[in-house]
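Reader: I am in my first year and still learning to read structures. Could you take me slowly through the place where the ligand sits, and then through some of the residues elsewhere in the chain?

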Amino acid sequence: MSDRARELAGALAAVRGRIAVACSAAGRDPSEVRLLTVTKTFPAADVALLTDLGLDGFAEARDQEAAPKVAELAALRPDSRPRWEMVGRLQRNKAGSVARWAHAVQSADSPRLVDALDRAARTAMTAGERAGPLPVLVQASIDGDPGRGGCPLAALPALADRVDGGDALHLAGVMAVAPLGTDPDEAFATLSAATERLRRDHPGATELSAGMSEDLEAAIRHGSTCVRVGTALLGGRRLISR
Ligand SMILES: *Cc1c(COP(=O)(O)O)cnc(C)c1O
């Protein structure tokens with residue numbers, strides 16, 4: 001095992017330990033919380049080592065970085081079957097590319113983006129570039145600050161309806177990032193209540209993607225089914241990259 005492989009194995013064990021402790025404290029089964037590894041700014045070689053450790057769920061925040069990395073990993077580990085997801089802010093003109101490499105998009109935050117994703121997913125399916133509809137999570141802005149992406153909570157139900165109405169889309173759930181400088185418990189409690197309300201009209205929206213390296217315990221306390229972890233697994237990112 002290389003030094004880097006050993007380092008990643010140690011970090012993975014620590015993150016899995018944190019998830020297990022948080023689940024047990026919340027009376028939840030760890031199988032209810034999936035680990036999505038955010039690989040932005042890290043090379044495909046690291047992702048390859050993570051697949052060797054048994055991980056298969058990866059996420060990226062920018063199409064320009066993701067599309068080549070997805071292809072590189074496929075070349076490095078041709079037998080792996082990774083699932084890539086898009087979690088970053090997405091411009092409509094990138095929808096076509098994302099619909100080809102992403103299993104799911106977690107960052108749908110406007111009706112126009114949803115429409116673009118629907119068209120892009122249909123085109124990709126027709127071209128044989130994707131097997132089925134695109135699972136979409138609507139991204140909520142918990143504090144309503146438009147600067148950081150996400151849809152204000154008041155507009156979330158209409159956005160979810162829009163995803164449901166897309167014939168090449170499947171509404172999978174809700175994603176959010178806790179606002180900076182606020183109590184994550186409070187933020188995730190608000191998010192969890194909004195998600196519960198949404199599920200009354202959309203029982204298929206089962207995923208609640210919440211929690212990152214710093215706040216995954218709070219997110220798990222409030223019902224997260226998907227924690228998106230970068231730094232705690234891969235290490236610090238260089239500031240220039242993002
Ligand atoms: C980068 C990123 C993460 C991972 O953040 P860490 O603090 O490094 O764990 C999670 N979600 C989104 C949307 C991100 O952009």
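Author: What follows starts with the ligand and its surroundings and then turns to single residues in strands, helices and loops. Please keep in mind throughout that this is a predicted model, so that every value below is computed from predicted coordinates.

Where does the ligand sit? The ligand is found in the largest pocket, and the residues around it are Val38, Lys40, Val87, Met212, Ser213, Arg228, Val229, Gly230, Thr231 and Arg237. If you sort this shell by class, you will find 4 nonpolar, 3 polar and 3 charged residues.

Which atoms of the protein face the oxygen atoms of the ligand? Three residues of the shell can be described here in some detail. For serine 213, a polar atom of the side chain lies 2.5 Å from an oxygen atom of the ligand. For arginine 237, it is again the side chain that takes part, with an N or O atom 2.8 Å from an oxygen atom of the ligand. For glycine 230, on the other hand, the atom concerned belongs to the backbone, where an N or O atom lies 2.8 Å from a ligand oxygen. As for how far the ligand is covered, it exposes 390 Å² when taken alone, and the protein buries 91% of that area.

Let us now move along the chain to the loop between strand 1, residues 34-38, and helix 2, residues 44-52, which is where threonine 41 is placed. What is the phi of threonine 41? Its phi is positive, at about 75°, although threonine 41 is not a glycine. This deserves a remark, because most residues other than glycine have a negative phi. Threonine 41 counts as partly exposed, because its relative accessibility is 26%, and partly exposed covers the range between 20% and 50%.

Helix 2 also holds aspartate 52, which is partly exposed because its relative accessibility is 49%. From aspartate 52 to glycine 223 the separation in sequence is 171 residues, and the distance in space is 29 Å from C-alpha to C-alpha. Proline 68 belongs to helix 3, residues 63-76, and with a relative accessible area of 41% it is partly exposed too. Between the C-alpha atoms of proline 68 and alanine 205 there are 30 Å, while along the chain these residues are 137 residues apart.

Are the residues of the strands that we can look at buried or exposed? Tryptophan 84, in strand 3, residues 83-86, is buried, with a relative accessible area of 3%. Its C-alpha atom lies 20 Å from that of valine 15, and 69 residues separate tryptophan 84 from valine 15 in sequence. Strand 4, residues 104-108, contains glutamine 106, which counts as buried because its relative accessibility is 0%. The side chain of glutamine 106 is joined to the side chain of glutamate 85 by a polar contact of 3.0 Å. Serine 107 is also placed in strand 4, and with a relative accessible area of 1% serine 107 is buried. A polar atom of the side chain of serine 107 lies 2.7 Å from the backbone oxygen of glycine 88.

Finally, a loop between helix 8, residues 216-221, and strand 9, residues 226-229, holds threonine 225. Threonine 225 counts as buried because its relative accessibility is 16%, and the limit for buried is under 20%. The C-alpha atom of threonine 225 is separated by 21 Å from that of lysine 40, a residue 185 positions away along the chain. Lysine 40 brings us back to the ligand, since Lys40 is one of the residues around it.

Key
Residues numbered from 1 in each chain as written. Predicted model: local features only at pLDDT ≥ 70, side-chain atom pairs only at ≥ 80, totals over all residues. Heavy atoms only, no water. Near = heavy atom within 4 Å. Polar contact = N/O pair within 3.5 Å; in protein donor to acceptor, adjacent residues only side chain to side chain. Areas by Shrake-Rupley, 256 points an atom, 1.4 Å probe, with all protein chains shown as cover. 1 Å grid on protein atoms, 1.4 Å probe; cavity = no way out; pocket = protein on both sides within 12 Å on 5 of 7 lines; lining within 4 Å. Sits in = over half its atoms within 2 Å of the grid points. Nonpolar A, V, L, I, M, F, W, Y, C, P; charged D, E, K, R; others polar. Helix = DSSP H or I, 4+ residues; strand = E, 2+ residues; numbered from the N terminus. Buried < 20%, exposed > 50% of the residue type's maximum accessible area, 1.4 Å probe, protein only.
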